[in-house]
Amino acid sequence: MLAYRHLFHAGNFADVFKHALLARLLVALGRKEKPYAYVETHAGTGRYDLAHPWARKNAEFRDGIGRLWDRADVPEPLRPYLDAVRAENPDGRLRFYPGSPLVAARLARPQDRLVLAELGREDCAALARFFAHDRRVTVLVEDGYRALKANVPPRERRGLVMIDSSFDRAGEFARVTEALADAHRRWATGVYALWYPLMAPQAMRGFERGVVATGIRKVLQLELSVRPEAWSETLRGCGMLVVNPPFGFGAEAGTILAWLAPILAQQGGGAERVRWLVPE
Ligand SMILES: C[S@@+](CC[C@H](N)C(=O)[O-])C[C@H]1O[C@@H](n2cnc3c(N)ncnc32)[C@H](O)[C@@H]1O
């Protein structure tokens with residue numbers, strides 16, 4: 001039984017970061033007519049009701065999507081993400097938050113395909129119900145790392161793998177690194193997005209060394225910290241590695257993160273970083 005339930009965190013700053021970048025990656029993939037596959041290892045339930053008691057418990061969404069929802073000065077690269085959130089709330093009141101599968105399904109075209117793995121039985125059942133009538137979508141109640149092995153390379157030979165672990169067990173940084181390396185060995189030209197939490201600086205350096213040691217090239221590293229580096233009570237920030245980023249993505253991500261950092265800042269934090277962890 002899995003302890004982690006994303007509904008407690010839905011729409012928080014980490015979701016804003018992750019989904020805004022995800023939307024950009026899919027916009028870029030959709031520029032070519034050829035179909036693509038979207039393979040997600042840790043899909044969650046798809047849509048989150050922010051009025052649910054679990055979501056309201058710590059109301060993390062208030063310091064996430066809540067801080068953006070009414071802004072009129074949103075930079076252009078952030079629009080596909082905000083459009084996806086607005087589409088779930090047509091009456092203009094923020095109530096439902098789209099998870100990554102919904103953001104992806106909204107941007108995918110009829111010729112594209114989505115493969116979504118989720119290990120939590122209840123969450124997966126909700127996800128399957130949600131997409132029951134969408135023929136582009138396959139939902140797997142399965143370990144995401146196993147699903148990745150079975151679905152990469154996809155037959156389209158184009159697409160995005162999203163690895164969004166809940167990082168709720170020891171050794172997860174090593175596990176995501178190995179999953180990325182294994183998938184990349186079998187499909188070197190795919191685009192990969194790997195989300196991670198910011199932990200103590202020493203742990204982060206160990207993670208970076210591990211990724212560099214895989215030998216994978218073209219690894220863009222994006223980070224957003226909303227709290228100061230010494231903060232350890234709750235999540236202080238998060239990052240994403242993007243392997244084989246589409247042309248122009250780094251600049252768009254830079255614009256998005258520079259705008260988000262001061263808006264999402266807490267306890268005097270608020271910083272972003274975009275750099276090549278490993279260049280071409
Ligand atoms: C951070 S949440 C996913 C949120 C989702 N990607 C989104 O952005 O809307 C992580 C999810 O992974 C699931 N999970 C945990 N371990 C897993 C595993 N080994 N394989 C697949 N799913 C797993 C959890 O049940 C949880 O729903």
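# Values and Cut-offs in a Predicted Model

Student: Why is Pro262 called exposed?

Tutor: The relative accessible area of Pro262 is 58%. Exposed means over 50%, buried means under 20%, and partly exposed lies in between, with a 1.4 Å probe and protein chains only; Pro262 is therefore exposed at 58%. The model is predicted, so local features need pLDDT of at least 70, side-chain atom pairs count only at pLDDT 80 or more, and totals for chains, interfaces and linings use all residues. Residues are numbered from 1 along each chain as its sequence is written, and side-chain values use heavy atoms, with hydrogens and water left out.

Student: Where does Pro262 lie?

Tutor: Pro262 belongs to helix α9, residues 249-264. Helices (H or I, at least four residues) and strands (E, at least two) are DSSP runs, numbered from the N terminus. Between the C-alpha atoms of Pro262 and Asp83 the separation is 21 Å, with their positions 179 residues apart along the chain.

Student: How many aromatic pairs does the structure contain, and what makes Phe130 and Phe131 one of the edge-to-face kind?

Tutor: The whole structure yields 7 aromatic pairs. For Phe130 and Phe131 the ring centres are 5.6 Å apart and the planes meet at 70°. Rings of Phe, Tyr and Trp (its six-membered ring) pair if their centres lie within 6.5 Å; planes under 30 degrees apart count as stacked, over 60 as edge-to-face and the rest as tilted. Both values satisfy the edge-to-face criterion for Phe130 and Phe131. Phe130 is partly exposed at 38% relative accessible area, whereas Phe131 is buried at 7%.

Student: How do you know that the rings of Trp187 and Tyr192 are an edge-to-face pair?

Tutor: The centres of Trp187 and Tyr192 are 6.1 Å apart and the planes stand at 65°, so the pair is edge-to-face. Trp187 is buried, because its relative accessible area is 3%, and Tyr192 is buried at 1%.

Student: What makes Arg47 a charge over a ring?

Tutor: Arg47 lies over the face of Phe96, at 4.0 Å from the ring centre. A charge sits over a ring if NZ of Lys or CZ of Arg is within 6 Å of the ring centre and within 35 degrees of the ring normal. The charged end of Arg86 likewise sits over the ring of Trp69, 5.6 Å from its centre.

Student: How do you know that Asp164 is in polar contact with Lys18?

Tutor: The two side chains, of Asp164 and Lys18, make this contact at 3.0 Å. A polar contact is a pair of N or O atoms within 3.5 Å; within protein, one must be able to donate a hydrogen and the other to accept it, and residues adjacent in sequence count only if both atoms are side-chain atoms. Asp164 is located in the loop between β6 (159-163) and α7 (172-186), and is buried at 10% relative accessible area.

Student: Which atoms of the ligand face Asp164 and Glu40?

Tutor: A ligand nitrogen is 2.6 Å from an N or O atom in the side chain of Asp164, and a nitrogen of the ligand is 2.8 Å from an N or O atom in the side chain of Glu40. An oxygen of the ligand is 2.9 Å from a polar backbone atom of Ser100. The protein covers 97% of the 610 Å² of accessible area that the ligand has on its own.

Student: What makes the phi of Phe167 notable?

Tutor: Most residues other than glycine have a negative phi, and most peptide bonds are trans. Phi of Phe167 is near 50°, a positive value. Phe167 is buried, with 16% relative accessible area, and lies in the loop between β6 and α7. Phe167 also joins Phe173, Trp195, Tyr196 and Phe207 in one aromatic cluster. Lys218 has a positive phi as well, near 55°; this residue is partly exposed at 24%. The peptide bond from Val152 to Pro153 is cis, with omega near 5°, and Pro153 is in the loop between α6 (144-151) and β6.

Student: Why is Glu208 called buried?

Tutor: Glu208 has a relative accessibility of 13%, so it counts as buried. Glu208 is part of helix α8, and its side chain makes a polar contact with that of Gln221 at 3.0 Å.

Technical notes
Accessible areas come from the Shrake-Rupley method with a 1.4 Å probe; for residues, only the protein chains shown count as cover.
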